[in-house]
Amino acid sequence: MLDFLSRARDGEGQSLLIEAAVGMGRSSMLRAVGKAAPGFGLRVLTARARASEQNVEYGVAHQLMAKLGDTRGTDGPPGRPGRLSCPFPNEDLTSADADLHPLMRVLANDVPVLLAIDDLQWMDLSSLRCLGYLMARLESASVALVATLALGEAPANSLMTEVLSGFQHRVVLAGLTTDEAALLSTDTLGAPAKPETLEAAVDATGGSPYLLNALFRALRLNNLRPCDITPQDIASQGPVEVAETLLNRYERAWPGAETTAEATAVLGGAASVAAIARLTGSEELEVADTVASLGRAGLLAQDADTVRFTQPMVCASVLARLPPSRRNALHIRAAHVLYETGAPHEQIATQILRSYNDAAEHWTCSVLSEAAREAVGRGAYEVARDYLIRGLEECEGRCQGKLLRVLGQIELSTDPATAAEYLRKALALSPDPAERIDIQIDLIHCLYILDQPHEAKEILEKGLAESSSSDPTGGPRLWGEQFVLGVLAGRETGQDSLGRGPETVSAGSVDPLDHRLRLDLASMLACCRGEAREEAVQQAERSLRRPYTGLNERLAARTVPIQVLTTADELDSALSESDALVEQAKGARSRTLGALAHSMRAEVHIRIGNVPKALEDAYCALKLMPLSSFEYWVCTGQAMAAGVGALVETAQFEEAHRLLARAGLEHQMPDRSSFGPLLFHRAQLRMADDDVEGSLADLMECGAQLAKSGTVNPAVLTWRSDAALAYAELGDRQEARRLIDTELSRARRWGAPRAIGRALRAAGLLAKGRKGEAMLGDAAQVLESSPARLDLARVLADLGILARRSHRLQDAREYLRRSLSLAEICGATKLAQTVREELLVSGARPRRPTEVGIDALTPTERRVALLAVSKRTNREIAASLFVAQRTVELHLSAVYRKLSIPGRSGLADYFGELPNDPSERLGKEQPEEARAEAGPAAHPDNGTTARPASSTAMVRSRLVIPRGLSASTGRLW
């Protein structure tokens with residue numbers, strides 16, 4: 001722009017056309033040019049064309065001449081008003097009795113001039129001819145011409161076309177950026193809004209300065225502080241002044257623009273030329289012309305067949321301008337138009353929801369029902385809920401029952417109590433036997449989540465009575481669900497009065513739902529009985545491969561196959577499936593499924609030994625569902641138990657007591673096996689409090705509750721092992737041995753390494769001397785094949801303590817160092833502190849406060865790691881540090897072990913990418929010191945090698961076998 005003005009000053013005439021949609025700042029840009037022109041020695045002449053003065057001859061030219069101080073010819077010489085004229089731009093003046101308009105004198109003026117004309121599209125024809133004539137002769141004049149033009153509003157005539165084509169330069173203004181919008185926000189609101197709010201404002205207005213100012217003024221009138229304004233506040237704004245200004249302007253230019261804009265706003269995403277024409281009662285071609293004109297003006301846009309507003313705030317403003325009665329009538333009319341033209345159900349349903357008329361049409365209910373089904377299919381549950389609730393107002397009878405069932409399925413995601421009410425009503429209205437079975441299964445799941453088993457049993461008995469005569473396949477389905485949910489909720493499962501048990505479901509139909517039910521039931525029964533572990537795992541995996549397609553289908557039993565995998569010690573697979581379930585719950589925005597998924601994952605983490613993650617998931621689940629009630633115990637029971645267990649492992653005993661107290665479970669618990677895990681972990685808490693008798697009471701109650709539900713598998717909960725240690729503490733070693741023998745026998749029959757290892761550990765602690773140490777060695781060997789790192793850490797700690805007491809201090813330190821490393825990886829601070837104290841007693845003097853993480857590395861290990869990150873080979877590192885290559889390998893192995901990484905590829909996560917020469921980062925090398933610290937290369941880590949990390953994010957290194965123990969048998973030589 002500066003170059004433009006300087007060239008005009010120097011006698012090179014310039015012309016510039018500024019084009020933009022209404023409100024994009026054309027006039028502001030023109031005023032800015034006018035303010036800058038005097039600095040270049042240009043005299044400024046300004047004029048503004050107006051729509052109301054388009055027929056006033058020389059109206060704009062006279063404005064310019066008034067600024068020039070020359071009013072000659074304003075009215076024309078007396079008796080000769082037509083003499084002052086201008087020919088067309090490129091024509092010569094041929095009439096002898098006509099003179100050029102005085103405006104043409106600027107071409108011969110010695111003073112450089114800026115002509116600034118606003119709204120060129122409304123310029124009168126006489127002034128336009130003069131302007132064109134002047135533009136054709138600008139080449140050697142000291143004149144700068146700048147004009148503005150509203151997009152799409154220029155009249156379609158040859159003179160205007162010729163004038164517009166004569167401009168040397170043309171620019172189209174774009175919308176403001178968020179940074180520029182922040183300045184407007186500060187001017188209007190007193191401070192800039194938040195970045196996300198500004199971004200929403202720019203999106204809603206297209207960056208139009210006029211619309212942004214109107215938006216910020218509306219927000220200020222609503223007394224919203226800039227820091228409190230949210231994107232939702234932006235979306236809700238529709239200043240009526242915007243619609244008044246724009247629609248009045250466009251209606252003058254194109255009659256019918258107002259009704260077209262209103263129809264477009266009412267139809268929303270269903271707006272098309274055909275639909276707008278039907279809604280307004282206009283000819284389709286006329287509407288097409290108006291839409292095209294408004295499109296050129298920047299108000300509307302057309303994508304394929306859909307017409308929309310380019311700025312969402314303008315749409316909101318148009319709707320806000322409509323009186324409620326007219327708006328309601330338009331929505332009702334729009335619903336009829338869309339239904340008659342076969343529009344998608346959701347588009348019709350949207351219009352029904354926006355109307356206030358509750359006089360039902362014969363098609364209203366079916367449209368709303370189908371729209372809800374479509375919304376559910378794309379995961380828009382809130383929208384589906386709105387359709388269904390409106391549908392209940394529009395229909396009755398059996399049709400209402402169908403809507404109630406879907407509503408119940410949707411509400412199960414967030415409010416099981418409300419879901420149960422809808423499903424009860426749906427069941428009462430449904431006469432179809434097959435449909436009633438489906439509703440009864442949904443209701444049974446809902447009631448178990450709400451901890452209302454007695455009503456669930458009544459529903460079951462009624463369903464069985466109905467299905468015996470009307471639907472023979474319904475009975476096995478109902479019984480199967482009852483048994484699966486009974487085990488989950490900790491109820492007794494056996495046979496009914498007719499002698500039917502869990503195996504009943506093995507017969508019957510083979511549709512996919514029933515097949516998954518049979519797989520879940522068979523794997524759960526095997527898991528509870530502690531039999532056929534491999535077959536149970538296969539059944540659980542087959543069940544997981546069958547995705548759920550129905551809305552909240554079998555919600556309470558979604559974790560059954562994951563629980564089987566967890567009990568079978570397939571913890572990596574269980575964790576992966578739990579992660580997928582958590583993501584599924586997030587995608588569906590299901591609070592109920594989220595609580596189930598986080599609870600399940602907390603249990604998996606506590607078994608793996610990832611204590612921080614277990615606590616995090618436990619708190620997530622307890623946040624999603626209320627803590628002060630047993631209503632949702634099926635969803636949160638595992639989370640509560642895992643949370644208490646994780647708090648015990650981190651020595652947060654007071655917090656564990658507070659957690660129990662908030663739920664009213666510090667002293668008494670319901671008599672159900674679903675509370676078994678919490679009893680088990682509460683027993684650990686009481687043992688930590690030195691309440692051995694209280695701990696034993698909890699463990700025995702846990703065992704009694706599991707027995708009632710038919711659960712004898714010790715892999716579910718190893719309560720016998722802990723109870724045996726409590727009995728031994730109280731002096732009853734005979735009962736302790738009996739419990740251990742039972743536990744070990746049943747654990748071996750099931751075959752899960754974790755349960756066997758825990759039983760062997762308890763047996764080793766009960767035994768005396770070398771026999772006990774050998775059994776602990778066996779436990780360690782077994783646990784090496786399990787992902788349960790924390791259990792392995794405990795066994796290694798026990799072995800270290802026994803070795804210290806036997807005065808085998810080197811063996812003790814080896815065991816204890818490995819145990820400490822695992823405990824720190826697991827986040828088990830209580831065990832880590834115990835092991836650290838034992839290490840000190842055994843004579844170890846750890847140089848670092850931790851055995852894992854970057855803080856555990858020695859200076860030499862850090863130096864070697866940095867050189868490895870810089871892509872140096874082991875040989876090059878050895879030469880650089882003046883040590884043997886084997887020493888470098890040992891240092892790197894130690895680094896991999898302490899950082900829990902698979903190899904060099906993981907070093908960058910800790911040290912970042914370095915240049916090939918890391919000397920600046922390392923500082924000046926000191927070979928003598930490096931050699932002194934490396935010493936005689938210490939010792940290999942007894943075969944410890946880095947292995948790829950599993951999904952549990954823990955390194956599974958081989959067991960350290962001290963001198964005197966056989967690696968194969970774990971017994972003394």
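Which residue, with a positive phi, follows α11? That residue is G268, and its phi sits near 60°. Before going further, a word on what you're looking at.

This is a predicted model, so to speak a computed one: local features need pLDDT of at least 70, side-chain atom pairs count only at pLDDT 80 or more, and totals for chains, interfaces and linings use all residues. Residues are numbered from 1 along each chain as its sequence is written, and side-chain values use heavy atoms, with hydrogens and water left out.

**Helices α10 and α11**

Let's stay with α11, which covers residues 257–267. Helices here are DSSP runs of H or I with at least four residues, strands are runs of E with at least two, and both are numbered from the N terminus. Helix α11 is mostly covered, with nine of its eleven residues buried. Buried means under 20% relative accessible area, exposed means over 50%, and partly exposed is in between (1.4 Å probe, protein chains only). Among the buried residues of α11 are A257, T260, A261 and L267.

Just upstream, E251 is found in helix α10 (residues 240–253). Leaving aside neighbours within four places in sequence, E251 is in contact (heavy atoms within 4.5 Å) with G256, A257 and E258. The E251 side chain also reaches the backbone nitrogen of E258 at 2.8 Å. For that kind of polar contact, a pair of N or O atoms must be within 3.5 Å; within protein, one must be able to donate a hydrogen and the other to accept it, and residues adjacent in sequence count only if both atoms are side-chain atoms. A bit further along, A261 is ten residues from E251 in the chain, and their C-alpha atoms are separated by 10.0 Å.

**The sheet**

Now for the strands. Five of them form an open sheet in the order β2-β5-β6-β1-β7, with parallel pairing. Two strands pair if DSSP finds at least two bridges between them. The edge strands are β2 (43–48) and β7 (169–172), each pairing on one side only. From one strand to the next, the twist averages 15°.

What does β5 pair with? On one side, β5 (residues 113–118) and β2 pair in the parallel sense over six bridges, and L45 stands opposite L115 in β5. Strand β5 also pairs with β6 in the parallel sense, over five bridges, and here L115 stands opposite L145 in β6. Strand β5 is mostly covered, as six of its six residues are buried. V113, L115 and I117 point one way from β5, while L114, A116 and D118 point the other way.

Helix α4 (residues 125–135) joins β5 and β6 in a right-handed β-α-β unit. Right-handed here means that, with the strands pointing away from the viewer, the path from the first strand over the helix to the second runs clockwise. Another helix, α2 (residues 26–36), lies across β1 (14–20), β2, β5 and β6 (143–150), and runs at about 165° to β5. Such angles run from 0 to 180 degrees between N-to-C directions, with axes as lines fitted to C-alpha atoms, for helices over the stretch in contact.

**Helix α26**

Is helix α26 (residues 560–567) enclosed or open? Seven of its eight residues are buried, so α26 is largely enclosed by the rest of the structure. The buried ones include V560, P561, I562 and L565. After α26 comes D569, whose phi is positive, near 70°.

**H681 and S870**

H681 lies in helix α32 (residues 676–688). Not counting residues up to four places away in sequence, H681 touches A641, A642, V644, G645 and V648. H681 and L717 are 36 residues apart in sequence, and 10.0 Å apart in space from C-alpha to C-alpha.

S870 has its place in the loop between α41 (859–869) and α42 (874–881). The side chain of S870 reaches the backbone oxygen of L867 at 2.6 Å.

**Cysteines and a quick look at burial**

If you're wondering about disulfides (pairs of cysteine sulfur atoms within 2.5 Å), a search of the whole structure finds zero. Two cysteines appear in the table below, next to the single residues discussed above.

| Residue | Relative accessible area | State |
|---|---|---|
| S870 | 2% | buried |
| H681 | 8% | buried |
| C315 | 18% | buried |
| E251 | 25% | partly exposed |
| C620 | 30% | partly exposed |
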